[in-house]
Amino acid sequence: MNVFDNIIVSTRLRLARNISGLPFPHKLGELPARKIIDNVQSALLPVDKFNRYDMNDISKLDGTILQEKHLISPDLLEDCPFGAVLISADENVSVMVNEEDHIREQVILSGLSLDQAYDRVNRIDDILGKNLHFAFDGRFGYLTSCATNLGTGMRASVMMFLPALTIQNMIDSSINEVGRLNMTVRGVYGEGSKAEGYLYQVSNQRSLGLNEVDIIDSVKGAINHLVEAELRARRLLQHNEPELKDQICRAWGVALNAYKLSTEEAMQYLALLRLGCFYNYIEISDINKFQKLITDCQPANMQKSGGCNLSADERDVLRARHIGASLASFCKKLL
């Protein structure tokens, strides 16, 4: 695993769009909302095979699984009774309908893939734009429910793994520094969420007055700054190598042998193992399987795999068993 693969987890490109002549979703009645969903679904037919999930039909458990996979937002699940999502077969593309805006087109790719993600979401946007009349103003660009999305309507974000900056209590100063670059830093599930497992989302704060290339370049600049800061912090951590090795070996021992693990514990131990891979204390032969394990051990995913009637303790036991078996198949301790 190279340095960037250890620090950069995934990339997301999102475009916010609204249909001209219609109220924003929070003022929209059920019938026009349903018509928008149907029209978006039809417009996407030339793109790929999409699975449709209507929020008033989906179970809370299945909806939470989609949220844990970052395919929908918490707001769509909790506050949008006439909302829906259309998800591609590979789950790299999701189009939320009637959330904060009529349409939220989203592409998620592994690693640092800003240009590739933009190319893909732009093709989807072109196809949707030919079939749906987007609300656009010559001065303000694409019109959106929230003023921070005016202009291109684009939010480019990168999920970063920043354990050393967090452990060394340097993360706040680093966040302040990239804030001066028109960036915002949030937790793993967006605004108001915690940075579980030392995972942070870094994205542009505004899009008005900027074009798509400007936004992507500014995010790349912020990412490079944070990568350099994280590498400096990791060198500082290694000054006390016995303590560092002990923490990572303990994480390995618990993750492989625990009888039960809470979500928080699992995220912490898996994060330390990922950090151990950077120092060549741990070998991860398949980073995609490792990343999937992080999603699989989230509460709703565990509940689905083990049966909907699991108690919290039973879910923690299942999580520990799953993590131990998975790590044994694609990880090994090198110390």
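Buried means under 20% relative accessible area. At 12%, Tyr-198 therefore counts as buried. The legends below describe a predicted model.

**Figure 1. The whole protein chain, with 13 helices and 12 strands.** The predicted model has 335 residues in its protein chain. Its radius of gyration is 21 Å, which agrees with the value near 20 Å for a compact globule of that many residues. Along the principal axes, the C-alpha atoms fill a box of roughly 65 × 45 × 30 Å. Buried residues make up 49% of the protein chain. Take the contacts between residues at least 6 apart in sequence: 70% of them join residues at least 24 apart. The chain exposes about 15,400 Å², and carbon and sulfur atoms supply 49% of that area. The protein chain carries 36 positive and 42 negative charges. The mean positions of the two sets are 2 Å apart.

**Figure 2. Tyr-198 in a loop between two strands.** The strands on either side are β9 (183-186) and β10 (199-204). The relative accessibility of Tyr-198 is 12%, so the residue counts as buried. Leu-162 is 36 residues away along the chain, yet the C-alpha atoms of Tyr-198 and Leu-162 are separated by 5.4 Å. Neighbours within four places in sequence are left aside here. Tyr-198 is then in contact with Met-160, Phe-161, Leu-162, Pro-163, Thr-166 and Ile-167 among others. Gln-268 and Ala-271 are also in contact with Tyr-198.

**Figure 3. Arg-234 in helix α8.** Helix α8 covers residues 212-237. Is Arg-234 buried or exposed? Arg-234 counts as buried, at 1% relative accessibility. Its contacts, leaving aside neighbours within four places in sequence, include Asn-6 and Ile-7. Phe-161, Pro-163 and Ala-164 are in contact with Arg-234 too. So are Leu-275, Phe-278 and Tyr-279.

**Figure 4. Aromatic rings in pairs and in a cluster.** The structure holds four aromatic pairs. One of them joins Phe-134 and Tyr-142. Their ring centres are 6.4 Å apart and their planes lie at 75°, so this pair is edge-to-face. The pair of Tyr-279 and Tyr-281 is stacked, with 5.5 Å centre to centre and 20° between the planes. Phe-134 is buried, with a relative accessible area of 10%. Tyr-279 is buried at 8%, and Tyr-281 counts as buried at 3%. Which residues form one aromatic cluster? The members are Phe-134, Phe-136 and Tyr-142.

**Figure 5. His-70, a loop residue with a positive phi.** Most residues other than glycine have a negative phi. His-70 is not a glycine, but its phi is about 65°. The residue lies in the loop between α3 (60-68) and α4 (74-79). With a relative accessible area of 24%, His-70 is partly exposed.

**Figure 6. Asn-98, in the loop between β4 and β5.** Strand β4 spans 93-97, and β5 spans 103-110. What is the phi of Asn-98? The angle is positive, about 65°, although Asn-98 is not a glycine. Asn-98 counts as buried, at 5% relative accessibility.

How values were computed
Residues are numbered from 1 along each chain as its sequence is written. This is a predicted model: local features need pLDDT of at least 70, side-chain atom pairs count only at pLDDT 80 or more; totals for chains, interfaces and linings use all residues. Side-chain values use heavy atoms; hydrogens and water are left out. Helices (H or I, at least four residues) and strands (E, at least two) are DSSP runs, numbered from the N terminus. The radius of gyration is taken over C-alpha atoms; the globule rule is 2.2 Å times the number of residues to the power 0.38. Buried means under 20% relative accessible area, exposed over 50%, partly exposed in between (1.4 Å probe, protein chains only). Contact means heavy atoms within 4.5 Å. Accessible areas come from the Shrake-Rupley method with a 1.4 Å probe; for residues, only the protein chains shown count as cover. Lys and Arg count as positive and Asp and Glu as negative; His and the chain ends are not counted. The place of a charge is taken as NZ of Lys, CZ of Arg, CG of Asp or CD of Glu. Rings of Phe, Tyr and Trp (its six-membered ring) pair if their centres lie within 6.5 Å; planes under 30 degrees apart count as stacked, over 60 as edge-to-face and the rest as tilted.
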